[in-house]
Amino acid sequence: MSRSNDDRFRIRPGTPKQRGDAFINKVLRQTNKAGAKLGKRVGGTGQRPGSRLGRGHVAARFAGASLAPNARRVTIKARLVHLAKAGPRSTATHLRYIEREGVDRQGGPGHAYGPTTDPADTATFEKRGREDRHQFRFIVSPEDAEQLDDLRTYTRHLMARMEADLGSRLDWVAVDHWNTDNPHTHLVLRGKGDTGKDLIISRDYIAVGMRHRAAELATGWLGPLTELEIQHAMQREVDQERWTGLDRTLQREVKDGLVPPDALAAPRLQRQRQMLIGRLQRLQRLGLATEQQLGTWAIHADAEPTLRAMGERGDIIRTMQRVMSGKQRELAVFQSGADGHTIVGRVVAKGLADELHDKGYLVIDGTDGKAHYVALPPRSELEQYPTGAVVEVKGSPDVRAADRNIAALSVNGIYRTDHHLALAQGQATPNRDPREVVAAHARRLEALRRAGIAEREAEGVWRIPSDLTEQGRQYDVQRLGGGVAVELKAHLPIERQTRVIGATWLDQQLISGGKGLGDVGFGGEVKDALQQRVDFLAEQGLAERRGQHVVLARSLLATLRGRELKRTAQDVTAETSLEYRPIPDGQRVVGIYRRSFMLASGRYAMLDDGIGFSLVPWNPTIEQRVGKNISAVVRGGCVVLDSRKQIGLPIG
């Protein structure tokens, strides 16, 4: 339909009275659900409340009218993003994800393009849309993308048809992905029309019209499917352990919970009949269907969620097999609800399990000899976990030992670090620095203070609630956001940790006696690395072998950290001519935050007072003050800012 006709027939609802932005927000929320509700709707477009609100509802009624049963199929996934809720970095993060390394045909990074620009300036695109209320994100996946070959030109033609349907110029960028079995295109569309007003797209157009336009275009380019191609496609679906097109066909034929014989004998299903019977037999073997009597089948109510879960797990296993190729490992999927379950290991691969929602995953070679697949919580930054880094993954937590200690040491609801330090020094064990122990508890209390659970009354003095352990556990559960917490333990691979000056993760393993390390896989490699680390520490005068035993120097971590900071300071002095000012415990430091350094001992911030500089432990709070003056106090292994926000001293 031409644009002029679309305008002539478009229904223009009057301005809602006394509703304001709330009305538009409801429209946007319902539009976001269009894809999920499409499969539950019977009949054509325009039958749901609000389906005609927004641009494209007329085009949705006519799009696909020329499509025959043998038309090419195109899958489109859509997401409406409310930018205020998603956060200011949402667009930049998503663009970075879809342009990541390894997605083009040669295994290189993705290349963004626009309606006429090649390549597109994604930074400028992101800047243009910062004040937008919402944004559309699509994944367009033609079934025969390999035959289309030129996805870039195909996408530009599709967006031109959408502009005609919606009656507006569209501001978008796209990236083609060729790193999967089904090549596809990621589209990011601004939520503004060419007049500067919010772009509201009809639910029916998102759910049906866009997909029909894409199918028309693919069919026009490649021609209709041949009978042989259709038969081969259906045959492949018969034995698949996932939710398929044959399953959707059977679902539509269910009456009173049964698929009757006459349904499969209907003329419209003649071409599929043998495939559908084969699929029912396969479902029966999977325990998801039952032939109650000859030709009459009952499909179990949980068949769809079960098949979808099987398909997802199959994709996970194939991903892990590809990543761990040539390595003998037991494969395991980390369960987010596993109470207190913890794994430690090396990151061997990472990626996006759900590209539309930017949900990432890690494949971890564990110290227990297993390979683990870990689905990350929403909004996790994959860049936080470099390949080769050591991470710790926790499920739903139990009460922390630190919380138990704090509660046990408190008197009338008051915990004191000096009291704890005195006790720790009196009960000191070899190779464990009492100051490190107390500093770890102080960092925990600072986290609980930010959560409103504990209160700092003075330096080293904390007021805690009587039910601290339970409140601390609940805080950890909420913080996991989906039942999984991933903590970076060391950004350096263990190979580099063996001979580096600094307090490393390997040093912590030496102090703890290497508990929980398996003999195969990463666990075995860690054991070998520990022996090399001992040799290096012996060269440095920080360890001594006595037969089968190893004696480590007292305050090993503090000594290694101090040496690394001193070496880093010498490099900074050579570069800037500024004098290094070490910070004694309890001394105030003032300076402008210039930059940070990622060291083996952790990340540190450089504070410049114009004459000299100091290095203090870094955390995201301090990063917000780049180029600004900071005043802080180093006390008990922690740094306290004037804003009363405390930055913990990282170990390892």
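## Helices α21 and α22

In this predicted model, helix α21 (residues 505-512) packs against helix α22 at an angle of about 90°, and their axes are 10 Å apart. That makes α21 roughly perpendicular to α22, since angles of 65 to 115 degrees count that way. On the α21 side, the residues that take part are Trp 505, Leu 506, Asp 507, Gln 509 and Leu 510. They meet Phe 522, Val 526, Ala 529, Leu 530, Arg 533, Val 534 and Leu 537 in α22. Sorted by class, this contact has nine nonpolar residues, one polar and two charged.

Now for α22 itself. Helix α22 covers residues 521-539, which is 19 residues. From its first C-alpha to its last it reaches 28 Å, close to the 27 Å expected at 1.5 Å a residue. Which of its residues are buried? They are Gly 521, Phe 522, Gly 523, Gly 524, Val 526, Ala 529, Leu 530, Arg 533, Val 534, Phe 536 and Leu 537. After the helix comes Gly 541, with a positive phi near 75°.

## Another crossing pair: α16 and α18

Here's a second pair to look for. Helix α16 (residues 401-409) and helix α18 (residues 434-450) have axes that come within 10 Å and cross at roughly 95°. These two are therefore roughly perpendicular to each other. Ala 402, Asp 403, Asn 405 and Ile 406 are the α16 residues in the contact, and they meet His 441, Arg 444, Leu 445 and Leu 448 in α18. By class, that gives four nonpolar, two polar and two charged residues.

If you follow the chain on from α16, you get to Asn 412, in the loop between α16 and β12 (414-416). Its phi is near 55°, a positive value in a residue other than glycine. For background, most residues other than glycine have a negative phi. Is Asn 412 buried or exposed? With a relative accessible area of 70%, Asn 412 is exposed.

## Helix α15 and its cover

Helix α15 (residues 303-323) has 21 residues. Its reach, first C-alpha to last, is 30 Å, close to the 30 Å expected at 1.5 Å a residue. Its buried residues are Ala 303, Leu 307, Gly 311, Gly 314, Ile 316, Thr 319 and Met 320. What covers them? The cover includes the helices α12 (245-253) and α14 (273-285), along with the strands β6 (296-299), β7 (330-333), β9 (359-366) and β10.

## Val 374, inside strand β10

Strand β10, part of that cover, runs over residues 370-375 and holds Val 374. At 0% relative accessibility, Val 374 counts as buried. Leaving aside residues up to four places away in sequence, Val 374 touches Phe 334, Ile 343, Gly 360, Tyr 361, Leu 362, Ile 364, Val 393, Val 484 and Val 486. Take Tyr 361 from that list: Val 374 and Tyr 361 are 13 residues apart in sequence, but their C-alpha atoms are 5.5 Å apart in space.

## Gly 220, out in the open

For a contrast, try Gly 220 in helix α10 (residues 203-222). At 61% relative accessibility, Gly 220 counts as exposed. Gly 220 and Arg 72 are 148 residues apart in sequence, yet 8.9 Å apart in space, C-alpha to C-alpha.

## Backbone spots worth a look

Where is Pro 119? You'll find it in the loop between α6 (90-98) and α7 (122-128). The peptide bond leading into it from Asp 118 is cis, with omega near 5°. Most peptide bonds are trans.

Ser 555 is another residue with a positive phi, about 55°, although it is not a glycine. This serine sits in the loop between β17 (549-552) and α23 (556-576). At 25% relative accessibility, Ser 555 counts as partly exposed.

## The whole protein

Zooming out, the secondary structure comes to 24 helices and 24 strands. The protein has 652 residues, and 48% of them count as buried. Its accessible surface comes to about 32,600 Å², with 48% of that belonging to carbon and sulfur atoms.

How many of the contacts reach far along the chain? Among contacts between residues at least 6 apart in sequence, 69% join residues at least 24 apart.

Methods
Residues are numbered from 1 along each chain as its sequence is written. This is a predicted model: local features need pLDDT of at least 70, side-chain atom pairs count only at pLDDT 80 or more; totals for chains, interfaces and linings use all residues. Side-chain values use heavy atoms; hydrogens and water are left out. Axes are lines fitted to C-alpha atoms, for helices over the stretch in contact, and angles run from 0 to 180 degrees between N-to-C directions. Helices (H or I, at least four residues) and strands (E, at least two) are DSSP runs, numbered from the N terminus. Angles under 35 degrees count as roughly parallel, over 145 as roughly antiparallel, 65 to 115 as roughly perpendicular and the rest as oblique. Contact means heavy atoms within 4.5 Å. Ala, Val, Leu, Ile, Met, Phe, Trp, Tyr, Cys and Pro count as nonpolar, Asp, Glu, Lys and Arg as charged, and the others, Gly among them, as polar. Buried means under 20% relative accessible area, exposed over 50%, partly exposed in between (1.4 Å probe, protein chains only). Accessible areas come from the Shrake-Rupley method with a 1.4 Å probe; for residues, only the protein chains shown count as cover. The expected span of a helix is 1.5 Å times one less than its number of residues.
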